[in-house]
Every structure is written in C-alpha cells, then in structure tokens.
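Biologist: Please take me closely through one strand pairing in this model. Then set that pairing against the rest of the chain.

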Amino acid sequence: MKRTMTSLIGAAAALAAVTGIAAVAAPGGTPEAPRGATRLPVQRSALLCPPPTSSDVGETTYTAFVPQGAAAGADTKKGTAKLLPAGTVKDAGAGDGNKGNKKGGKAKTPDTGRTTVPPTDTKPVVPLQQAGKPLTATTDRADAPALVGAADGILAPGWTVQQTTTVAAGAGRGLLGLSCTTPDTTFWFPGVSTATDRQDYVHLTNPDTTPAVVDLELHGKDGALAGSAGEDITVPPHTTVPVLLSTLTTRPATNATLHVLAREGRVGAAVQATDGKLGSDWLPPAADPAPSVVLPGIPKDATSVRLVALAPGDADADLKVQLATPTGLITPAGLETLHLKSGMTTAVDLKDVTKGEAGSLVLTPTDPGAKAPVSAALRVTRGKGGNQEMAFIPATRPVEKRATAADNGAKGSTLSLVAPEKGKDAKVKVTASAGSAGGTPVTRTYTVKGGTTLDIAPPRPQGLKGSYALTVEPEPGSGPVYAARMLARPQGGVPAFTVQPLPDDRGSVVVPTAGQDLSLLTD
C-alpha cells in the first residue's frame with residue numbers, strides 16, 4: 001500500500017486551491033501566490049482530539065485559540081469554532097474480529113462483540129467566540145470522550161486546540177500534550193512500539209457523517225509486521241476507535257513505524273504511548289515523508305535521545321545526520337551517516353546528544369540529488385533512575401506563514417526555533433496573546449542564524465492572568481524556520497514534560513483568478 005508522494009502532494013495542492021480548505025507549499029519555503037492569484041484565509045477548519053486518559057487521577061485542560069488578524073481579507077465578519085463529544089468504540093484492535101465488513105457495517109471484537117458507546121454529554125467544549133484570546137475548559141473524567149469539531153468564517157484560519165493532561169500516578173503518570181489533529185487519509189508514526197514494556201494505542205476518530213475504513217501497517221527492523229488484524233477497520237461516523245498496536249502482530253518490536261491509511265473517508269489519528277518506567281505522552285503524526293526532515297526542539301537537559309526512521313518508498317535512503325546547536329551544525333559522534341533500507345524501521349540511540357545545549361536534528365540526503373522520502377521521530381527522555389519521563393518529537397513541517405502553540409503559563413514553556421540551512425538566517429516574530437483571564441499581548445522579534453537552534457523563554461503578556469498562546473510568524477525574506485514548544489511541569493522528583501512541534505497552520509489558500517491554469521498553483 002505504498003503511494004506516490006509527488007502525485008499526492010500535487011493533488012492536495014490543486015484541491016486546496018479549489019476548495020479553500022488548506023494551503024500546500026513546498027517544504028522549507030514560504031508559499032507565495034502566483035501572479036494573478038490571491039492568497040485568502042481558509043473558510044473552514046476541522047480538528048479532532050482523542051480521548052485524553054482513562055486514569056482516575058488525571059486532569060485535562062483544553063485550550064482553544066485563533067490568532068488575532070488571521071482572518072484578514074475574509075469576506076465575512078462572523079464565525080464559529082467548537083468541539084463536540086464523539087462516541088467511542090470499546091475493545092477494538094484484537095484479532096480478526098476487529099475487521100469491519102466491506103459494506104461499512106459494524107465490526108466486532110472477539111467474544112464480547114464491538115460496542116459503540118455514544119457520548120454522555122453533547123454540550124460543546126471550548127466554543128470560541130473571538131480571535132486573540134484563548135478559551136479553556138478542564139475535565140477530570142476518566143471516561144472523557146474524543147472531541148470532533150469545526151471552525152468557520154473568521155475563526156477558521158489558524159484555529160488551534162491544545163489538549164494537556166496531567167496524570168499524578170500509575171503507569172501512565174506524567175504530562176501528556178497534543179495539538180489536536182486535522183483529519184486526513186494518511187499518517188506516519190515512527191517511534192511506536194509493540195514491546196511488552198509499552199502500551200501504544202492509536203486513536204482513530206471520524207469527523208464525518210459516513211463511515212471510514214482504515215488499514216494499519218506496522219514496519220519493524222525487518223519489514224512489515226502487521227497481519228490481517230490491521231485491515232478494514234471501520235470507524236463509524238463521529239466516533240473514535242482505539243486500537244492497541246500489540247494486538248496487530250505476534251512479533252513484538254521495540255522500535256516500529258505505524259502507517260495509518262484511510263481507504264474510505266478520512267480520520268484523525270494520534271498515538272498514546274505508555275511506558276512502564278518512562279511515563280506516557282502522545283506521539284503526534286510526523287510530517288509527510290520527504291528527502292530532508294527536521295526534528296526541532298530537543299531539550300538541552302535530555303538524558304537519552306532515540307532516533308527512529310523509515311524510508312517508506314521503493315528506494316533505500318542514505319542520510320547525513322547533523323545537530324543544529326546554538327553555534328552551528330555539528331555531526332553527532334559516531335553517526336555521520338545513516339542508511340535506511342526501504343520499508344524497514346531503523347533505530348539509533350543518540351544518548352545525551354545535546355550535551356546541555358539547545359539542539360534540533362537535521363537529516364538530509366548524502367547525495368543532494370536523491371529523492372527517496374523518509375519519515376522520522378525522536379523519543380526523548382529527561383531525568384534519571386526512577387524519575388524519568390519521555391516525550392516524542394516527530395519530523396515537522398516548516399513555519400511558512402504562521403504557527404501557534406496554546407496553553408502556556410507564567411513559567412514552564414520553552415520555544416525552540418531552528419534555521420536548518422547554513423547561510424540562511426531566519427527572522428521570526430513571536431507574539432504572546434492576551435491571557436485567557438486577562439493581560440495585554442506582547443510581540444518580540446528574533447533572528448536565528450542559519451544552521452543553528454535558538455531556545456528562548458518566550459515573551460509573556462503584560463499583566464498575564466490564566467494561560468496564553470504563542471504565535472510564530474517568519475518575517476518577509478526570512479530563511480526557512482521550524483519550531484517546537486516544550487511544556488515542563490515537574491511532578492515531585494519527576495521532570496514531567498511534553499513537546500509539541502509547531503507546523504504551519506495552513507490557514508490560507510491560493511485562490512486562482514478566472515481562467516487561470518491550476519497547474520501554476522502546485523510545486
């Protein structure tokens with residue numbers, strides 16, 4: 001089930017131009033409207049948040065935000081943005097009984113049968129009313145449902161919802177963070193595991209009114225792992241299906257890559273990983289496979305870093321491995337290059353690669369003309385002994401126009417900015433929004449030298465009350481820039497943390513003029 005990446009990207013770009021749902025641009029560059037075309041804000045956005053936790057000692061905060069001015073140029077002054085509770089399919093993901101039928105009927109789990117549980121509450125969650133000010137909601141329910149929703153009008157461009165969960169004790173203890181995902185038809189998750197010390201669930205959420213049919217592929221160090229249990233999984237409308245990855249294969253794999261492919265409809269997907277010793281966190285999907293990838297925001301005090309990568313195409317990939325430090329690009333000791341065999345997951349332990357300094361990993365082809373796409377992610381650990389905590393950093397898209405990270409407090413946030421190309425400095429405007437309960441926005445501008453990573457304590461609103469959002473915008477003429485935000489909220493002696501990459505929010509779309517050739521809008 002391999003796909004031709006070029007054709008998919010081209011098709012997505014043409015669709016975006018026609019529908020106004022998303023914007024597509026060449027990786028690493030700032031998209032500009034072709035001559036005769038106009039860049040306008042999108043008119044509708046969709047987001048999906050998976051069930052946050054099943055712990056009785058967990059608390060989750062949802063923070064919704066739309067950047068001020070994101071809808072400039074819109075033909076309306078109205079808008080809505082809200083999430084609604086979704087149903088849940090119980091006990092999915094074990095054996096052939098998890099397969100949906102080809103006609104879209106209900107699938108069954110072994111023995112008990114598959115049960116769809118409707119939401120107990122249909123009240124909207126974080127129904128945002130205005131741009132520029134975050135709105136928050138909190139729940140401590142162990143059965144909190146997945147959320148599905150949409151934004152339109154002036155609240156569609158840049159709509160972001162952060163889901164942050166604190167679990168005080170138990171195997172899943174720690175800080176779990178996720179920027180709620182947009183629905184799509186394909187996702188890549190390097191860094192999953194089916195080993196006995198991990199419990200990884202992929203949550204598949206359907207935002208639409210018709211069923212989705214999903215295939216799951218697992219790739220280990222020797223190739224494909226999954227059998228028929230990962231095929232034809234039916235996800236009912238407005239419902240989430242959790243699938244325990246270890247039930248898809250009889251061959252445990254410590255390091256694997258998950259490919260989620262919706263053959264009918266579309267879904268949102270995110271992986272919740274729980275480790276017996278390292279706590280838990282969300283593994284968000286990596287950026288679409290590409291010849292070069294950037295993994296921003298490795299904490300400077302990371303005690304262990306593991307790279308997991310896959311070449312999903314027909315060709316092997318040979319990569320140059322570099323770390324963008326505060327002073328320039330360096331090669332990690334003993335890892336100048338990395339060879340990826342097609343379809344096989346490769347894992348490399350980088351240990352404490354940052355050595356007390358900010359860092360981001362940059363993977364580029366050893367042959368500049370090579371086109372083999374790769375997908376990659378990092379598992380990062382902080383702390384020592386029994387007080388360790390893990391988080392994940394997937395390869396991410398560059399910030400082309402704008403990106404946002406919500407749920408920042410008076411302390412505990414670190415913003416990482418990386419300009420991966422030597423000689424191409426990035427100039428970035430960072431805006432701290434008004435606080436959810438009060439405060440005045442503050443804007444600062446930063447220059448990131450080409451080939452370096454800059455970690456900053458982000459600006460805070462004046463008179464901050466509550467939480468706030470950070471918006472990152474490259475200045476005109478800036479070199480490529482990637483970003484990530486770390487939240488650190490210690491729990492006793494455990495350095496609990498989570499890292500969210502900041503990909504471009506794709507809040508604008510190129511709209512052709514009448515009679516214009518649509519091929520001009522694709523790269």
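**A hairpin and its surroundings**

Modeller: Start with strand β28, residues 375-384, which pairs with β29 in the antiparallel sense over 8 bridges. Bear in mind that the model is predicted. One rung of this ladder can be picked out by name: Ala377 has Pro394, in β29, as its bridge partner. The two strands form a hairpin with 2 residues between them. Look at Gly385 in that hairpin: its phi is positive, near 60°.

How enclosed is β29 by the rest of the structure? Strand β29 covers residues 387-394, and 6 of its 8 residues are buried, so the strand is largely enclosed by the rest of the structure. For the protein as a whole, buried residues make up 56% of the 523 residues.

Now follow the chain beyond β29. Arg402 sits in the loop between β29 and β30 (403-408), and its partner Asp505 lies in the loop between β39 and β40. The two form a salt bridge, with the closest N and O atoms 2.7 Å apart. This pair links distant parts of the chain, as 103 residues separate Asp505 from Arg402. What is the burial state of each partner, Asp505 and Arg402? Arg402 has a relative accessible area of 11%, so it counts as buried, the cut-off being under 20%. Asp505 has 22% relative accessibility and is therefore partly exposed.

A second salt-bridge feature is a network. Asp215, Asp232 and Arg263 are joined into it by salt bridges that share partners. Side chains of opposite charge can pair when their charged atoms come close. Asp232 also deserves a look for its backbone. Its phi is near 55°, a positive value in a residue other than glycine. Asp232 belongs to the loop between β15 (223-224) and β16 (233-235). Its relative accessible area is 8%, so Asp232 is buried.

Go back to the loop between β39 (497-501) and β40 (508-511), where Arg506 is found. Arg506 is not a glycine, yet its phi is positive, at about 50°. Is Arg506 buried or partly exposed? Its relative accessible area is 26%, so it is partly exposed.

The structure holds 14 salt bridges. Two further examples join residues with close numbers. Asp200 pairs with Arg198, the closest N and O atoms being 2.7 Å apart. Both of these residues are buried. In another, the side chains of Asp143 and Arg141 meet at 2.9 Å, N to O. Arg141 has 31% relative accessibility, so it counts as partly exposed.

For another pairing, turn to an open sheet. This sheet has 4 strands in the order β8-β3-β10-β11, paired antiparallel. Its edge strands are β8 (135-139) and β11 (174-179), since each pairs on one side only. On average, neighbouring strands here are turned by 15° against each other, direction ignored. Strand β3, residues 58-65, runs antiparallel to β8, and 5 bridges join the two. Within the sheet, Ala64 stands opposite Leu135 in β8.

The loop between β3 and β4 (79-85) holds Lys77. Where does Lys77 stand relative to Gly153 in space? The C-alpha to C-alpha distance is 7.1 Å, while 76 residues separate the two in sequence. With a relative accessible area of 80%, Lys77 is exposed; the cut-off for that class is over 50%.

Finally, step back to the whole protein. It has 1 helix and 40 strands. What share of its contacts between residues at least 6 apart in sequence joins residues at least 24 apart? The share is 81%. The protein exposes about 21200 Å², and carbon and sulfur atoms supply 51% of that area.

Now return to the hairpin with this in view. Strands β28 and β29 are antiparallel partners over 8 bridges. Gly385 has its positive phi in the hairpin. Of the residues in β29, 6 of 8 are buried. Beyond that strand, the loop between β29 and β30 supplies Arg402 for the link to Asp505.

Conventions
Residues numbered from 1 in each chain as written. Predicted model: local features only at pLDDT ≥ 70, side-chain atom pairs only at ≥ 80, totals over all residues. Heavy atoms only, no water. Buried < 20%, exposed > 50% of the residue type's maximum accessible area, 1.4 Å probe, protein only. Pairing = 2+ DSSP bridges. Contact = heavy atoms within 4.5 Å. Areas by Shrake-Rupley, 256 points an atom, 1.4 Å probe, with all protein chains shown as cover. Axes fitted to C-alpha atoms, helices over the stretch in contact; angles between N-to-C directions. Salt bridge = Lys/Arg side-chain N within 4 Å of Asp/Glu carboxyl O.
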